[in-house]
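Ready for some practice at reading a protein model? Grab the sequence and the 3D view, and let's work through a few exercises together.

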Amino acid sequence: MLKLDFHPSGRHFLQIPGPSPVPDRILRAMSLPTIDHRGPEFGALGLELLAKIQKIFKTKHPVIIYPASGTGAWEAALANTMSPGDRVLMFETGHFATLWQKMAVRLGLEPEFIGLPGYEGWRHGVQADMIEARLKEDSGHDIKAVCVVHNETSTGVTSNIAAVRRAIDAAGHPALLIVDTISGLASADFRHDEWGVDVTVSGSQKGLMLPPGISFNALSPKAIEVSKAAKLPKSFWAWDEILEANQNGYWPYTPSTNLLYGLNEALDMLLDEGLENVLARHQRWAAGVRTAVEAWGLEIQCQEPEVYSPVLTGVVVPEEIDADEVRKIIYERFDLSLGTGLGKAKGKMFRIGHLGDCNDLTLIATLGGCEAGMKLAGISLKGSGVAAALDYFAANPLNRAV
Ligand SMILES: *Cc1c(COP(=O)(O)O)cnc(C)c1O
């Protein structure tokens, strides 16, 4: 039997960068009875949700909701817009960008994967000038899409999407701009319409504070037009039937009814607080956590301050230490889950998530677990990150816009 009934006393600290801690209010909303997904109440819920979710993506255009994890929405974005053998330009920011590139190969596309070299390359954001240079060479317009990850969850780098848009425009290139903000949405500033994104991919279990299980494609009119001639096989993911059913608040198949109750509650929470306040809250938490890392005398994975992630922070451990050993100690001794180093960053760093249902003191406790665990692992720290972060939070109250 699985030992899922094992619960230490108190609350587990789920400080991985997704799934994030789910507020009780959302869990309660999800516990309501499942209703008929073809009945009148469902249609009303569907219409309300589809209108509210547009505000989170900052778009006036349709947003598709899938009963799938983020990976499904990645596939949907490509399957709806591309044809077999199409060339796509993808940028290697980290592990998630790499997984998406592998998916493009499996789908029968020809991804061209550019980026800065090696592990050090994973400490920077998307280099828009490299994209511009490559598109300028492509005078025959063979490249059909530029695919970038907004918030690279494996490294804690939030790339400048407006700069990528400008690069595509400066090259005078018609490629679609497809962006993964699975872990950025509702925690990091994201503007689908203003930044001219054609398809935005997102998921439920990160900034939206929901359990895993639903994901999104936000569309542009150009993406919808392109999808009509795109030839990759698609059925479950096909936008056309979903858009048709969504007109009345329904789906062509059974949607994740209870997760949608949760989504409705999450959207109310985010919109009541005000999206700008939510984003400022995450920036402040990230700054507090970085203050702690600096006080410890350790390096942050991201090396460009302009693209520090408000969602998570990667902490690089000294070379002789295995970061996963540190995580293991912290988990076993303090009931705190941290993100592992992925791909090229394996063993070199761990990730602290500061998203979802957090507050200053849950983050102080998280930093406390990190600090104690790192000492137990034999890392000599320069000073107390906990004390530094406490001072930072005390000295910088959150200024609310409304
Ligand atoms: C979590 C994540 C994914 C994968 O989403 P799943 O829900 O695990 O399928 C993809 N990209 C990024 C940037 C992510 O953070």
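Below are three exercises, each with a worked solution.

A quick note first: this is a predicted model, where local features need pLDDT of at least 70, side-chain atom pairs count only at pLDDT 80 or more, and totals for chains, interfaces and linings use all residues. Residues are numbered from 1 along each chain as its sequence is written, and side-chain values use heavy atoms, with hydrogens and water left out.

**Exercise 1.** Work out whether arginine 351 is buried or exposed.

*Solution.* Start with its place: arginine 351 lies in strand S14, residues 349-353 (strands are DSSP runs of E, at least two residues; helices are runs of H or I, at least four; both are numbered from the N terminus). Next, take its relative accessibility, 7%. Buried means under 20% relative accessible area, exposed over 50%, and partly exposed in between, with a 1.4 Å probe and protein chains only. So arginine 351 counts as buried.

**Exercise 2.** Find the order of the strands in the open sheet that contains S14.

*Solution.* The order is S11-S12-S14, with antiparallel pairing (two strands pair if DSSP finds at least two bridges between them). S11 (299-300) and S14 are the edge strands, each pairing on one side only. S11 and S12 (residues 312-316) pair over 2 bridges. Glutamate 299 has valine 316 in S12 as its bridge partner.

**Exercise 3.** Count how many residues of helix H7 are buried.

*Solution.* H7 spans residues 161-170, and 7 of its 10 residues are buried. Among them are Ile161, Val164 and Ile168. After H7 comes glycine 172, with a positive phi near 60°.
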